[in-house]
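The exercises below are meant to be worked with the sequence and the model side by side. Try each task before reading its solution.

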Amino acid sequence: MYTVAVVLAGGSGSRMGTRIRKQYLDLGGHPLIWHSLNAFQESDVDEIVLVCAADDLDEVRAEYTALFDKIGAVVPGGRERYHSVYAGLCAIDACDRVLIHDGARPFVSAEIIDRCLKALEKEDACVTAMPSKDTVKIVDDSGYAVSTPDRTRVWNVQTPQCFRFPLVKKAYDALIEAERNGTLGDVHVTDDAMVVEMFTDTRVRMIEGSYDNIKITTPEDMTVGSAILNKALTQN
């Protein structure tokens, strides 16, 4: 089955507090986004679609297509994450399976990607995640706790999020159409599984990611990321 990885690198990284977009910050001698691209380049994924900021398009296309021959397209992202995902999906001519990954998660591993591909042999929709180590509280608008979910049933969602391509493309088509015709309401779309849950009757399976598969968002995350990278280099 032909598999495409859509890698998102279009965020502004405002919470990082740097003039350079966070996906291009140095981590272990390479830009942050390099690590994700390299993982997919060395995997059994057939093609990579890279989504970046519109004003970075020419530079990113020239630099990264020279480094990674699996990159089949580099396309500009949109205003929200789901617009960028949709741009990536629309850039795919045809495929059977798609893995959607946030480029700000540089520690996606060969083992994680392999688990995703194996899961898609049986499942139509699955996401990498890990059981929550913390108790989670549901709060009201004033910040008061209203309920405490059973921690054994709470998972922290990561990426890649993985789908049969026709399923997720149909779901995203429905999302964009709902936005255009004003029926989406005030729903805040935060991940791809949510789109599939909203617009199809397909159940989404959780599969094991890694506690190291963190998302780089703030300067503190870069410190943690450097420690994870150093640990990996030491083990190898």
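**Exercise 1. Find the residue in β5 that is the bridge partner of leucine 50, and then describe the strands around β4.**

Step 1. The bridge partner of leucine 50 in β5 is valine 74. Strands here are DSSP runs (E, at least two residues) and helices are DSSP runs (H or I, at least four residues), numbered from the N terminus. The model is predicted, so local features need pLDDT of at least 70 and side-chain atom pairs count only at pLDDT 80 or more, while totals for chains, interfaces and linings use all residues. Residues are numbered from 1 along each chain as its sequence is written, and side-chain values use heavy atoms, with hydrogens and water left out.

Step 2. Strand β5 (residues 71-76) runs parallel to β4, and 5 bridges join them; two strands count as paired if DSSP finds at least two bridges between them. Between these two strands the chain passes through helix α2 (residues 57-67), and this β-α-β crossover is right-handed, a term that applies if, with the strands pointing away from the viewer, the path from the first strand over the helix to the second runs clockwise.

Step 3. β4 also pairs with strand β1 (residues 3-9), in the parallel sense and over 6 bridges. In this pairing, alanine 9 stands opposite cysteine 52 of β4.

**Exercise 2. Decide why strand β4 can be called largely enclosed by the rest of the structure.**

Step 1. Begin with the term buried, which means under 20% relative accessible area, whereas exposed means over 50% and partly exposed lies in between (1.4 Å probe, protein chains only).

Step 2. Sort the side chains by direction: Glu47, Val49 and Val51 point one way from β4, Ile48, Leu50 and Cys52 point the other way, and all are buried.

Step 3. Since 6 of the 6 residues of β4 (residues 47-52) are buried, the strand is largely enclosed by the rest of the structure.

**Exercise 3. Work out which residues isoleucine 71 contacts, leaving aside its neighbours within four places in sequence.**

Step 1. Isoleucine 71 is found in strand β5, and with a relative accessible area of 9% it is buried.

Step 2. Contact means heavy atoms within 4.5 Å. By that rule, and with neighbours within four places in sequence left aside, isoleucine 71 is in contact with Leu37, Ile48, Leu50, Tyr64 and Thr65.

Step 3. Compare this with serine 36, which is 35 residues from isoleucine 71 in sequence and 12 Å from it in space, C-alpha to C-alpha.

**Exercise 4. Establish how many residues of helix α1 are buried, and then follow histidine 35.**

Step 1. Helix α1 (residues 32-41) is mostly covered, with 10 of its 10 residues buried; among them are Leu32, Trp34, Leu37 and Phe40.

Step 2. Histidine 35 is found in helix α1, and its relative accessible area of 11% makes it buried.

Step 3. Not counting residues up to four places away in sequence, histidine 35 touches Leu27, His30, Pro106 and Leu229.

**Exercise 5. Identify the buried residues of helix α6 and the elements against which they pack.**

Step 1. In helix α6 (residues 192-199), the buried residues are Asp192, Ala193, Val195 and Val196. They cover an arc of only 160° around the axis, so they lie on the same side of α6; the arc is that of the directions from the helix axis to the C-beta atoms.

Step 2. The buried residues of α6 pack against α3 (81-90), β6 (97-102), β7 (125-131), β10 (155-164) and α5 (165-180).

Step 3. One residue of helix α3 is serine 84, which is buried, with a relative accessible area of 8%. Leaving aside neighbours within four places in sequence, serine 84 is in contact with Leu8, Val51, Gly77 and Gly78.

**Exercise 6. State how many helices and strands the chain has, and what share of its residues is buried.**

Step 1. The chain has 7 helices and 11 strands.

Step 2. Of the 236 residues in the chain, 48% are buried.
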